[in-house]
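Colleague: Please take a close look at one part of this model, the surface around the RNA. Then go on to the aromatic rings.

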Amino acid sequence: MNLFADIKTLVLDSLQTLQAAGSLPSDLDFSNVTVEPPRDAMHGDMATNAAMVLAKQARMKPRDIAQALAELLVADARITAVDVAGPGFLNLRLDPAQWLAILPEVLRAGTDFGRSPMGSGKSVNVEFVSANPTGPLHVGHTRGAVFGDALASLLDFAGYAVTREYVINDGGSQIDTLARSVYLRYLEAHGQEVSFPEGVYPGDYLIPVGKALKDKVGDKYIDQPEDVWMDDLRNFGTDAMMALIRADLALLGVKMDRFFSEKSLYGTGKIEACLQALNDKGLIYEGYTDPPKGKMPDDWKPRKQTLFKSTEFGDDQDRPVQKSDGSWTYFAPDIAYHHDKVLRGYDELINVFGADHGGYVKRLKAIVAALSGNTVPLDIKLTQLVRLFKNGQPFKMSKRAGTFVTLKDVIDLVGPDVTRFVMLTRKNDAPLDFDFDKVLDQSKDNPVFYVQYAYARISSVMRKAIEAGVDVSDAVLLDADLANLGHDAELALAKKLGEWPRMLELAAKHHEPHRIAFYLFDLASEYHSLHNLGKTSPDQRFWQADNVAASHAKIALIRSVAVVLSAGLGILGVTPMDKM
RNA sequence: GCACCCGUAGCUCAGCUGGAUAGAGCGCUGCCCUCCGAAGGCAGAGGUCUCGCGUUCGAAUCGCGACGGGUGCACCA
């Protein structure tokens, strides 16, 4: 149930009634009509802009439309008052019972309350993390992982069929580098002195991989040239790194539905077929790219390449798919990969990248547009940098200085719940400050704590009631006489609960899970406010020893709050806590 | 140089499909526990929404142009 949607339906029906009666022209576009919470609660419970949106089309004064519409709306039993305000807003006041009627809805549906049919089962592929399999995940990947996972959960909640996917870049030259690095660690495991030149990965995490290789192949590869061991070590290294990355993701609670190997595209003819398809559309040609503007590389010279005409789809430059020596660029398998996703039949694609891949957005959109004939929308969400702090001091990451912060470091220090929530307290395209001390702070300065605290407080109140021998099961609360509620703070809380389905659809529509974190903070705030009212007004306490009926009603309210908090935290992947 | 992202209170940031007197937290000032978790709440002060022009009944929001910050820019992925 979504009260905002219900009332919007009423507004639209009323407008049609006016049309039928000849009070409004018949050819009006209602698509911009909204019903939303007013900015100021003093204005009422809901506001609609219908009169202003339609005034021009109908060639009528907004206030005249508003007046006519108001007369119809006020006749509805749910609405107690309609005011025409300002330039033509209609401010609606609802019978408080309408808001309170949300409580049994919440209790009945549980954490499924607010699930939306908006996705109508459409399939969405969310590709995220997709870190190169050359080392463990670091903080930057962590943000992408949390964001992508929460977005996927959000879309699932909004009625989409979601696939979480990780593409393994196991085909590029960075895998050769990995193989050489593993080889050095392998020699080291055999007791040889090794040095790590520029261009190999010096990380300690490869030491056990070298040992494992030694255990597996013994001294078979010692003193052997690269071409003897390269293929084997590429696979061995990639497998080891993916095991590491899967373990990192598991620490965060992220479960991928599918890992897609880029290498699996090679040798199958898929890349060739895909490029042929583009060629058939006249989008492939042999040519030269312009020299880069700004900093000119020392060794730049024009080279003939095979190019994809991405400028036809809004890119700044056509992009090379094949190098001058005939081998593929990194872009070619990516084209085939996205072709594969299109062929799998997803209705929508979403990619989550770090902000440093921003330059990649246009060409990928170009590819998907070209390959799907503009039928499959691709949204690319960029996650901005995470700035680490310790005690308010910036914490610089440096591979050389050994201050490289991995996902595991973060989880070990603050845990997955805190990590996930904090990562979602900023919009994805805004930089995020992550202070190891502040995120663990047990005070209202810390939004994670603040939301958890509200949940724990509700649990505490309910324990209190249970200790007193009162049944506060949902079945009993469902029958509570809600006429016992009516205080402004109680109604405010119920209204906030009523906003949940609407907020959720907006968050899903915009692909912005951070909105859920902000909503939960607001909901927790309303709860704390009401809870504290009980400090000075004993009759506002939830647990009324001498009035079981009132207690049931009040606890039905806060139990509903707990359910929505739980649902919201669930989407973010955070576990609510009964006690702290 | 070009592209993308960002610019909102002293600080960190929300702000919905363009909507009414622009919000929250921190910090600052003053209040509130014999009693459900004060790990909290209430109230106050604090704004040229970077600037200009335009579209509109109406602009923080849309368009154009400045300015400032970040990121990225040919056979590396």
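Modeller: A polar contact is a pair of N or O atoms within 3.5 Å. Ala355 fits that: one of its polar backbone atoms is 3.1 Å from a sugar or linking oxygen of RNA strand B. The model is predicted. Two side chains also make polar contacts. In Asn91, a polar side-chain atom lies 2.5 Å from a base nitrogen of RNA strand B. In Tyr450, a side-chain N or O atom is 2.5 Å from a phosphate oxygen of RNA strand B. Several elements give two or more residues to this surface, among them strand 4 (89-94), helix 14 (447-467) and helix 16 (488-509). Helix 17 gives the largest share, 11 residues.

Now the whole surface. There are 77 residues around RNA strand B, and Arg303, Lys323, Lys444, Lys535 and Arg541 come nearest. On the RNA side, sugar and phosphate make up 58% of the atoms within 4 Å of the protein. By type, the surface residues are 24 nonpolar, 27 polar and 26 charged.

Helix 16 and helix 17 also meet through rings. Trp500 lies in helix 16 and Tyr519 in helix 17, so their pair ties together parts 19 residues apart in sequence. The ring centres are 5.4 Å apart and the planes stand at 35 degrees, so this pair is tilted. Both Trp500 and Tyr519 are buried.

The structure holds 17 aromatic pairs. Phe308 and Phe313 are stacked, because their planes are at 15 degrees, with centres 6.4 Å apart. Phe308 is buried at 0% relative accessible area. Phe313 is partly exposed at 29%. Both belong to one aromatic cluster, with Tyr330, Phe331, Phe353 and Tyr360.

Methods. Residues numbered from 1 in each chain as written. Chains lettered and ligands numbered in written order. Predicted model: local features only at pLDDT ≥ 70, side-chain atom pairs only at ≥ 80, totals over all residues. Heavy atoms only, no water. Near = heavy atom within 4 Å. Polar contact = N/O pair within 3.5 Å; in protein donor to acceptor, adjacent residues only side chain to side chain. Helix = DSSP H or I, 4+ residues; strand = E, 2+ residues; numbered from the N terminus. Nonpolar A, V, L, I, M, F, W, Y, C, P; charged D, E, K, R; others polar. Phe/Tyr/Trp six-rings, centres within 6.5 Å; stacked < 30°, edge-to-face > 60°. Buried < 20%, exposed > 50% of the residue type's maximum accessible area, 1.4 Å probe, protein only.
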